[in-house]
Amino acid sequence: MSQRLRHSQRRGPRPDMVPEIAAAVGFVSGLLRTRGCVSEQQLQVFSGALREALTEHYRHHWFPDKPSKGSGYRCLRINQRMDPLIGRAGGLVGLGLPQLLRLLPPELALWVDPFEVCYRIGEDGSICVLYQAARSPNSCAGLLSCKEQVMLGRSSPSKNCIMAVSS
């Protein structure tokens with residue numbers, strides 16, 4: 001395989017994660033837009049930077065055959081502390097961490113999984129679906145994602161579903 005081909009495979013987004021990343025980026029950018037403190041040009045740069053960061057961050061942690069695998073790694077989380085990926089994208093447009101923490105919800109979990117993007121605002125908030133794609137009936141048989149475990153009434157996800165701050 002040529003050096004050029006290997007480089008293009010490493011840098012470009014996997015086609016199977018483009019809609020999920022677009023939904024996540026659109027959601028975070030929309031939250032910033034509603035606050036009215038960020039220009040459209042800043043939002044465009046922020047969106048592009050976050051899209052690139054997520055693409056690179058998820059590159060080897062995207063498992064369409066096991067969508068819940070790696071869910072904690074892919075979770076964007078603000079819990080009185082800014083998610084590093086959102087923080088870096090904000091920094092590129094002049095939004096420091098204190099400003100981002102004022103503009104975005106203080107408690108936010110955004111799960112970006114194959115076939116589904118969901119969010120929850122507040123530790124006790126409802127889980128809302130931003131994007132959902134059709135899956136084959138056998139693709140996840142018997143597996144519950146962290147979000148599904150929370151929705152089914154578990155007070156916390158199982159040990160193998162720990163929500164971690166992405167870095």
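**Salt bridges, step by step**

Trainee: In this predicted model, the side chains of E40 and R33 meet in a salt bridge, at 3.0 Å from N to O. Why is this pair called a salt bridge?

Mentor: Set the value against the cut-off. The N to O distance for R33 and E40 is 3.0 Å, and a salt bridge needs an Arg or Lys side-chain nitrogen within 4 Å of an Asp or Glu carboxyl oxygen, so the pair qualifies. As background, side chains of opposite charge can pair when their charged atoms come close.

Trainee: How do you know whether E40 and R33 are buried or exposed?

Mentor: E40 has a relative accessible area of 44% and R33 has 41%. Buried is under 20% and exposed is over 50%, so both residues are partly exposed.

Trainee: What makes R120 count as buried?

Mentor: Its relative accessibility is 9%. The limit for buried is under 20%, so R120 belongs there. R77 is buried as well, because its value is 11%. E123, at 38%, is partly exposed.

Trainee: Why do R77, R120 and E123 form a network of salt bridges?

Mentor: Look at E123. Its side chain meets that of R77 at 2.8 Å, N to O, and that of R120 at 3.7 Å. Each distance is within 4 Å, so each pair is a salt bridge. The three residues are therefore linked through E123.

Trainee: Where in the chain do R77 and E123 lie?

Mentor: R77 and E123 meet at 2.8 Å, yet the pair links distant parts of the chain, 46 residues apart. R77 is in strand β1, and E123 is in the loop between β3 and β4.

Definitions and conventions:
Residues are numbered from 1 along each chain as its sequence is written. This is a predicted model: local features need pLDDT of at least 70, side-chain atom pairs count only at pLDDT 80 or more; totals for chains, interfaces and linings use all residues. Side-chain values use heavy atoms; hydrogens and water are left out. Buried means under 20% relative accessible area, exposed over 50%, partly exposed in between (1.4 Å probe, protein chains only). Helices (H or I, at least four residues) and strands (E, at least two) are DSSP runs, numbered from the N terminus.
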